[in-house]
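Student: I am new to this structure and would like a close look at a single part of it. Could you begin with one charged residue and its partner, and then explain carefully how the surroundings fit together?

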Amino acid sequence: AETFLGKLDRYEYKTIRYPGHSACMRAIAELGLFDLDPVAVRGAQVRPRDLFHAVASKRLDHGRVRDLVILEVRCKGEKGGRPAEVRVDLLDRFDEATGFSAMERTTGFATAIVCAMLARREARAGAPPLETAIDAAKFVAEIHRRGLALRVAGP
């Protein structure tokens, strides 16, 4: 947030998984099942999050999900004193050839790209925000190289 302080009037982020997902996750969180502090269960110390993962993973793993990821970013403002708009779109689907879900591809590839940049010392040292740590053009080029259909339109 500090990167954009005084530069953004409004920032909105929405993730859509499936109908009812948000309510389900909120209920699980309110029950404390994501907590990391151990609790006593029949004489043993158990982290609620570990218990939740152990129990839920057996019931939620229904094989490979042929999913879809849609990303849309719109930035409106001024550039050189004139109105400007940039739009970034990404559409990705389950990859039959590799077996990677769209969610795995879009999150895993991005993480791998940044890790490679860190290893090559192409990222700022320390713990800066990602948006200031790496070269965005190089990142986008690497996204394209991995076959993700990212489109940027605007100045």
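**A charged pair and its surroundings**

Tutor: E122 counts as partly exposed, since its relative accessible area is 29%, where buried means under 20%, exposed means over 50% and partly exposed covers what lies in between, for a 1.4 Å probe and protein chains only. Before going further, please keep in mind that this is a predicted model, in which local features need a pLDDT of at least 70 and side-chain atom pairs a pLDDT of 80 or more, while totals for chains, interfaces and linings use all residues. Residues are numbered from 1 along each chain as its sequence is written, and side-chain values rest on heavy atoms, with hydrogens and water left out.

The partner of E122 is R120, and the two form a salt bridge whose closest N and O atoms are 3.0 Å apart; the term stands for a side-chain nitrogen of Lys or Arg within 4 Å of a carboxyl oxygen of Asp or Glu. R120 is likewise partly exposed, with a relative accessible area of 45%. Between these two partners in the sequence comes R121, which has a positive phi of about 60° although it is not a glycine. R121 is found in the loop between α3 and α4 (130-133), where helices (H or I, at least four residues) and strands (E, at least two) are DSSP runs numbered from the N terminus. At 76% relative accessibility, R121 counts as exposed. A comparable backbone feature appears at R42, whose phi is near 50°, again a positive value in a residue other than glycine. R42 belongs to the loop between β1 and β2, and with a relative accessibility of 88% it is exposed.

From here we can widen the view to the other charged pairs, for the count comes to 10 salt bridges. One of them joins the side chains of D95 and R105 at 3.2 Å, N to O. D95 lies in the loop between β4 and α3 (102-119), whereas R105 is in helix α3, so this pair ties together parts that are 10 residues apart in sequence. Both D95 and R105 are buried. R105 also has a second acidic neighbour, because its side chain makes a polar contact of 2.7 Å with the side chain of D92, a polar contact being a pair of N or O atoms within 3.5 Å in which, within protein, one must be able to donate a hydrogen and the other to accept it, residues adjacent in sequence counting only if both atoms are side-chain atoms. D92 sits in strand β4 (residues 82-93) and is buried, with a relative accessible area of 5%. Leaving aside its neighbours within four places in sequence, D92 is in contact, meaning heavy atoms within 4.5 Å, with residues including D67, L68, V69, A102 and L148.

Another salt bridge joins the side chains of E142 and R146, at 2.7 Å from N to O, and R146 is partly exposed at 25% relative accessibility. Beyond these pairs, salt bridges that share partners join E72, R74, R87, D89 and R151 into one network.

Aromatic rings supply a further set of links, and the structure holds 2 aromatic pairs. The rings of F34 and F52 have centres 5.4 Å apart and planes at 90°, so the pair is edge-to-face; rings of Phe, Tyr and Trp (its six-membered ring) pair if their centres lie within 6.5 Å, and planes under 30 degrees apart count as stacked, over 60 as edge-to-face and the rest as tilted. F34 lies in the loop between α1 (21-30) and β1 (39-41), while F52 is in helix α2 (residues 48-60), so the pair ties together parts that are 18 residues apart in sequence. F34 is partly exposed at 28% relative accessibility, whereas F52 is buried at 17%. The other pair consists of F100 and F109, with ring centres 6.2 Å apart and planes at 85°, so this pair is edge-to-face as well. F100 is partly exposed at 38% relative accessibility, and F109 is buried at 17%.

F52 leads us to helix α2, whose buried residues are P48, F52 and A56. What covers these buried residues includes α1, β1 and β2 (44-46).

Finally, the chain as a whole has 5 helices and 5 strands, which follow the pattern α-β-β-α-β-β-α-α-α-β along the sequence. Buried residues make up 22% of its 155 residues. The C-alpha atoms fill a box of roughly 65 × 40 × 40 Å, taken along the principal axes.
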